[in-house]
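Grab a coffee and work through these exercises with the structure open beside you. Try each task before reading its solution.

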Amino acid sequence: MTHADICPDAETLAAWYDQGLPPAERARIDAHVSTCDRCQTIVATLARADVPALVPAREPSWWSWRWLAPIAAGVAAVVVWALVRPGSAPTVQPPVPASLSARAEPSASPPASAAAPPLKRAPEPAPPVAQRERAVPTNAPPVAPPNDANELRRADERAGNVAFAPAAPPAPSAAAGAIASARTLQATLDAVAAPDIVSSDPSVRWRIRGAVVEHSTDGGATWTPQATGTSAVLTAGMSPNPDVCWIVGRAGTVLRTTDGQTWETVAFPERVDLVRVEAAGMSTATVTTADARRFTTEDGGITWTPARLQEF
Amino acid sequence: MERLPDRLVERLYADADAARWSVPTTTFGDALAASVAKAFPDGAPSPRDVERYVGALHLADLALACACIHGSDAAWEHLMREQRPALYRAADAIDPTGRARELADALWADLFGNLFRYFHGRSSLTTWLRAVLAQRHVDAVRAGKRLEPLADEAILTRAAPPAAEPGDSRCRQIVQRALEAALAQLDARDRLRLACYHARQLTLAETGRLLREHEATVSRHLARTRRGLRDAIERWMAGEGGLPPDEVRRCVQAAMDDPGPLDLAAMLGGASERKISGVDRSKRGAV
């Protein structure tokens, strides 16, 4: 038995996590954790449990904006002078669509790595993951999935930027930005209606209103609520044909109809928020979690296989 | 346990603002000495090493722990206000069904016992509490799994592998051996990154937080490691396995199409059962 074989105690793992160990001991713990199932699980749990507190946003106060008053007055004076001075013709710039300006923002993410050939493994139930730092709802009809989960994640981020950046005020810090985006997400999930989930027959479609699913057989002219038996907020759906539709939502909610009328809840292995579903039929679907993990079923939801290892 | 020089203890006492909790200087000095003893188990460090070490400790948290041990009501009140919500937040993140909350309550009760003796200020109090909670949760889950009987349904699911040709089975065996050999050659940090992301299902951001790397760096390193693994597997199959190039490609493809029992998580943490579990030590009171 060597020193390296002994599992470090929680205090040492905490010090390792907080960079409180000298380099030699850190390297020893690195080596141990890299081969130890128990310690890997503990540090993974530790990382998942690192949930920042959501601090309430400060109310905007008059005092904090008072310094803007003289500047605003000066700008107004210059604008008035420019407009009324003789010989000046006002020029009007066409407004830039918010979506375009958001699209034009440079992405901080590096280009996705080239996807290596896939390697699958037997599904293993992962521990519950409650911390979701990048929860981006994607209610738009799914596009072809990227091969690499990183690419998918970045695609989601880009989609999120387009959807939310115009509404979000510039954040003074990363933490505030995260809180702002979480709130924007919340508001979006709760308040914004999803686009229609159109089946292969455009007259048959569904739409999501929070936790309610509505159905239309006349191209969206009239809508009928359908009982789904869930109270979870629903986030996305896909209908491969007029009889079949898959809808996903928060806390591992997966719903499916195979007759276009009655909905059944499909068991999902994790209580994790789901943000996208790509369905190929009544048996095959791939769902994406809020942290960009993908799970596929080919037997109508009886078993789910994590897709991450296919990146190899 | 060697005492630290009084002058150094007094300076650190002031840095920690320990007077706020009316912690006796000797109590604080003893906690510092215990921390040094834990960090340097193999011998007496030089005064300079000691000074550098204690200077990097989370002194305010250590003082708070000392004050709680000493029975300061104000310290306990502060602890309740600052740490308990964070602990519950962590518990809910670990297990939203509430089981981790029960562990958090038990942990909190243990703080009134002698649990604080194991906090040495090498991490923040928040991280330490979270680590103890995570460890107890993982041990409880692992203990539960050992006792859990296999459900008929699970047996049926496992007993129905997809039909595969005999050749594919041999391919998988070769790929598994090649993968094991390739993983064994990995640097500890690369292996840990791979385990966090692929086996433990952490996000890039979580993996980065654990390894103190930006998530873009994690992504880049993972891509490089995967490429290296693929090359190493193919080299091994051609060399040790003696397979011609066509057969190497066919085998890798067969393993990718149907990995069968190939389990990366088990391979990356598979040696654990041979190791000494910390559960035994926790039974003796060490956490």
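Chain B averages a pLDDT of 83 in this predicted model, and its contacts are a good place to start.

**Exercise 1.** Take the contacts in chain B with a separation of 6 or more, and work out what percentage comes from residues 24 or more positions apart.

*Solution.* Start with the secondary structure: chain B has 15 helices and zero strands. Then turn to the contacts with a separation of 6 or more: 70% of them join residues 24 or more positions apart. For burial, count the residues with 20 or more other C-beta atoms within 10 Å; 40% of the 287 residues in chain B pass.

**Exercise 2.** Find which residues have the most contacts inside the largest nonpolar core.

*Solution.* This core has 98 residues, and the top spots go to A:Val43, B:Ala63, B:Leu133 and B:Cys251. Next, zoom in on A:Val43 and skip its neighbours within four places in sequence: what's left is A:Leu13, A:Tyr17, A:Val33 and B:Leu210. A second core, separate from that one, has 27 residues, including A:Ile208 and A:Met238.

**Exercise 3.** Which elements of chain B have the lowest and highest mean pLDDT, and where does pLDDT stay under 50?

*Solution.* First, the elements: helix α4 (residues 59-70) of chain B has the highest mean, 95, while helix α15 (residues 278-283) of chain B has the lowest, 33. Now the stretches under 50: residues 151-164 of chain B have six contacts beyond four places in sequence, and residues 271-287 of chain B have 28 such contacts. Finally, zoom out: 84% of chain B's residues score at least 70, and the model scores ipTM 0.82 and pTM 0.55.

How values were computed: Residues are numbered from 1 along each chain as its sequence is written. Chains are lettered from A and ligands numbered from 1 in the order in which they are written. This is a predicted model: local features need pLDDT of at least 70, side-chain atom pairs count only at pLDDT 80 or more; totals for chains, interfaces and linings use all residues. A nonpolar core is a set of buried Ala, Val, Leu, Ile, Met, Phe, Trp, Tyr and Cys residues joined through C-beta atoms within 7 Å. A residue is buried if 20 or more other C-beta atoms lie within 10 Å of its own, exposed if 12 or fewer, and partly exposed in between; C-beta atoms are placed from the backbone. Two residues are in contact if their C-beta atoms, placed from the backbone, lie within 7 Å. Helices (H or I, at least four residues) and strands (E, at least two) are DSSP runs, numbered from the N terminus. pLDDT is the predictor's confidence in each residue, from 0 to 100.
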